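Please walk through the fold of this chain, beginning with how its strands pair and ending with the chain as a whole.

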Amino acid sequence: CLPSRCILAYKLRLDAAAIHGPVPGFAATLARPAGNFLARLAPGRAFARLNWTIHDSDTRFAPHPVPARHGLTAADVLTSTYLRVARQPLRRLPVSGFVVFTIRTYLDRLDAVAADSGRRERLRRTLASLPGEAVAYKGMTAFLEPLLEALARPAPTP
């Protein structure tokens with residue numbers, strides 16, 4: 001398990017609302033549907049979700065928040081940041097009834113992601129639409145502006 005800015009041992013035996021307490025907007029919009037979904041997850045059935053963020057490090061095991069990385073510019077931000085996607089399968093165990101949750105982490109440097117103009121523009125639009133509290137929660141405040149500037153430029157031709 002390669003967590004992103006959380007310590008999984010602190011999450012054991014907590015319900016979905018407690019696990020996601022720090023996530024902006026979770027309590028107001030997702031706590032009830034997530035709780036209902038998990039309550040209905042039957043043993044033998046599996047479900048997987050994807051979660052994403054952008055880190056300014058290629059360290060896969062990143063349980064602790066890190067100091068914000070300042071000083072990135074539009075010229076170097078795409079080679080200094082990484083799209084981090086976590087595939088998170090969930091499965092209810094038949095005997096205990098507990099839900100097993102694992103994390104498989106994928107990292108791609110943003111210049112590789114942004115080489116495709118379609119992906120580049122979708123990423124730019126998504127980042128530009130994030131509320132400030134989500135940007136802060138994901139740890140992107142220090143480099144969001146140069147990242148948006150870099151993504152607004154045309155992708156280099158190979």
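In this predicted model, strand β1, covering residues 46–55, pairs with strand β2, covering residues 82–92, in the antiparallel sense, and 10 bridges connect the two. One of the positions that can be followed across this pairing is A48, whose bridge partner in β2 is P89.

Strand β2 also pairs with strand β4 (residues 104–109), again in an antiparallel arrangement, here through 6 bridges; within this pairing, L83 has D108 of β4 as its bridge partner. A further antiparallel pairing joins β2 to strand β3, residues 99–101, over 3 bridges, and L90 stands opposite F101 of β3. Strands β2 and β3 form a hairpin in which 6 residues lie between the two strands, and G97 in the turn adopts a positive phi of about 80 degrees.

Stepping back to the whole chain, one counts 7 helices alongside the 4 strands, and these elements follow one another along the sequence as α-α-β-α-β-β-β-α-α-α-α. Of the contacts with a separation of 6 or more, 74% are between residues 24 or more positions apart. The C-alpha trace spans about 55 × 30 × 30 Å along its principal axes.

As for the surface, buried residues account for 30% of the 158 residues in the chain, while the exposed area comes to about 9,800 Å², of which carbon and sulfur atoms supply 59%. The chain carries 22 positive and 11 negative charges, and the mean positions of these two sets lie 12 Å apart.

Methods. Residues numbered from 1 in each chain as written. Predicted model: local features only at pLDDT ≥ 70, side-chain atom pairs only at ≥ 80, totals over all residues. Heavy atoms only, no water. Buried < 20%, exposed > 50% of the residue type's maximum accessible area, 1.4 Å probe, protein only. Contact = heavy atoms within 4.5 Å. Areas by Shrake-Rupley, 256 points an atom, 1.4 Å probe, with all protein chains shown as cover. Lys, Arg positive; Asp, Glu negative; His and termini not counted. Charge placed at Lys NZ, Arg CZ, Asp CG, Glu CD. Pairing = 2+ DSSP bridges.
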